[in-house]
Amino acid sequence: MHMDAQNDPTLPAAVGSFARRAFAVGVVLLAGSVAGGIARPDQFFRSYLLAFVFWNGLAVGSLAVLMLQYLTGGAWGIAIRRELEAATRTLWLTALAFLPLVFGMRRLYEWTHADIVAHDELLQKKTFYLNTPFFLARTAAAFAAWMLVAYFLNRWSREQDTRTDHAGVDRKLQLLSGGGLVVYALTTTFTSIDWVMSLEPHWYSTMYGVIFMVSQALGAMALATLAVVRLSDKKPVAEFLGGRILHDLGKMLFAFTMIWAYVNFSQYLIVWTANIPEEISWYLARFRGGWGYVGLAVLLFHFVVPFLLLLSRKANRDPKTLTLAAVLLVVMRFVDISWLVLPAFSKGAFRFSYMDFALPIGLGGIWLSFYARDLATRPLLPVNDPGFEEALAHGRE
């Protein structure tokens, strides 16, 4: 069986229109938030951190899922490879997006204040790790590693598209993915600790890095699934995306959702069992006031509802149901990150600023415009992948 890799001729116009609208919305909301941030700089940087962690998580999570697919194979990964690759090519943008946080560190992290550290014995013990030069160096190293791995994955994938003899390329992609996942685990662990957990430097969790890794992969999987289903009327995706492929994507979302619930419950169970005041304070801040209702919404709409939607084999083959589940998971990833980040500043009181919505949507508009344009620059399916014909036959069963 053979399939033409040429994209639908209507794709550039459709993508261009979406990208222009997203960019315009992004610029307007970012400009409005910057204007508001002049009067309320503390709120601006808190909301900006929320926006950055969410969108960077989608880009980095896409890198992780892409490497996982190269190692495991499967038709599901071939269906969404281009969507994952396009997201990894936005890492330069999220690296630039981090720069404003450099100027807001003293408004976000109490460990950057020498006078506070001087009167806090526990913080003094952590200064070997929690100090500004080392913090920035770790962030720079993480982005350098992510972008380097993404660069070679995209470069060799392009070689695979253009060469008939690509056995060596396939092997390089697998080897890089194996080592790259180890690097991803290490860098995601320390960036999650640096950017989010150190907002409350007296609290720590050994599960925190694992939670972020699973969460990023789940968000990336949901976004890629949403994108490919939205492109299901465009060639060559329309010829490839059969019910079996949709079912595989749904089951992958289901699996990541289950793992996300497991690691989050594991952290809660460990803290609940120990019942140490220094540890339970983190959860108490997120169960008090209105944050308890947000946590309940995360439980229901990040786990229970997607679980029920994706449990049925028939539902997984329905593009509308799969789209609903994917949209819900992407939205709830934002809500979950809000639940992790914002209570660190409100100390249990429920507060939401318009910037908590405007900045994530604004930064997202910019990110999505580049993501969409990148997606349209390459064939939507990797027809030269050694597993493509098998995946095509699988999808048509």
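**Notebook: cavities, a patch and some odd backbone spots**

I began with the largest cavity, which holds about 80 Å³ of space. The model I am reading is a predicted one. I then asked how many cavities of 30 Å³ or more the structure holds. The count came to 3.

Next I looked up which residues line the largest cavity. I noted Val 53, Phe 54, Gly 57 and Leu 58. I also noted Phe 212, Ser 215, Gln 216 and Gly 219. Arg 333 and Ile 337 complete the lining. Which elements give two or more residues to this lining? I found helix 2 (41–72), helix 10 (208–230) and helix 16 (319–341). I sorted the lining residues by character and got 5 nonpolar, 4 polar and 1 charged. A reminder to myself on the idea behind this search: rolling a probe the size of a water molecule over the atoms shows where empty space is left.

**Surface patch**

I turned to the surface. I found a nonpolar patch there of about 590 Å². Its residues are Trp 92, Leu 96, Leu 99, Val 102, Phe 103 and Met 147. Which helix gives the patch its largest share? I wrote down helix 4 (residues 91–103), which gives 5 residues. Met 147 sits elsewhere, in helix 8 (residues 132–162). I checked its exposure as well. Met 147 has a relative accessible area of 31%, so I logged Met 147 as partly exposed. A patch residue needs over 30%, and Met 147 has 31%.

**Trp 156**

I stayed in helix 8, where I also found Trp 156. Is Trp 156 buried or exposed? I entered Trp 156 as buried because its relative accessible area is 13%, and buried means under 20%. I then took the distance from Trp 156 to Leu 173. The two are 17 residues apart in sequence. In space I got 7.0 Å, C-alpha to C-alpha.

**Backbone**

Last, I went through the backbone. I stopped at the peptide bond from Lys 235 to Pro 236. I recorded this bond as cis, with omega near 0°. Where does Pro 236 lie? I placed Pro 236 in the loop between helix 10 and helix 11 (237–240). Helix 10 was already in my notes, as it gives residues to the cavity lining.

I marked Asn 275 too. Asn 275 is not a glycine, yet I read a positive phi of about 55° for it. I located Asn 275 in the loop between helix 12 (243–274) and helix 13 (277–287).

Definitions and conventions
Residues numbered from 1 in each chain as written. Predicted model: local features only at pLDDT ≥ 70, side-chain atom pairs only at ≥ 80, totals over all residues. Heavy atoms only, no water. Patch = residues over 30% accessible without salt bridge, like charges linked within 9 Å, V, L, I, M, F, W, Y side chains within 5 Å. Areas by Shrake-Rupley, 256 points an atom, 1.4 Å probe, with all protein chains shown as cover. Salt bridge = Lys/Arg side-chain N within 4 Å of Asp/Glu carboxyl O. Helix = DSSP H or I, 4+ residues; strand = E, 2+ residues; numbered from the N terminus. Buried < 20%, exposed > 50% of the residue type's maximum accessible area, 1.4 Å probe, protein only. 1 Å grid on protein atoms, 1.4 Å probe; cavity = no way out; pocket = protein on both sides within 12 Å on 5 of 7 lines; lining within 4 Å. Points joined across faces, edges and corners; volume = space filled by probe spheres on them. Nonpolar A, V, L, I, M, F, W, Y, C, P; charged D, E, K, R; others polar.
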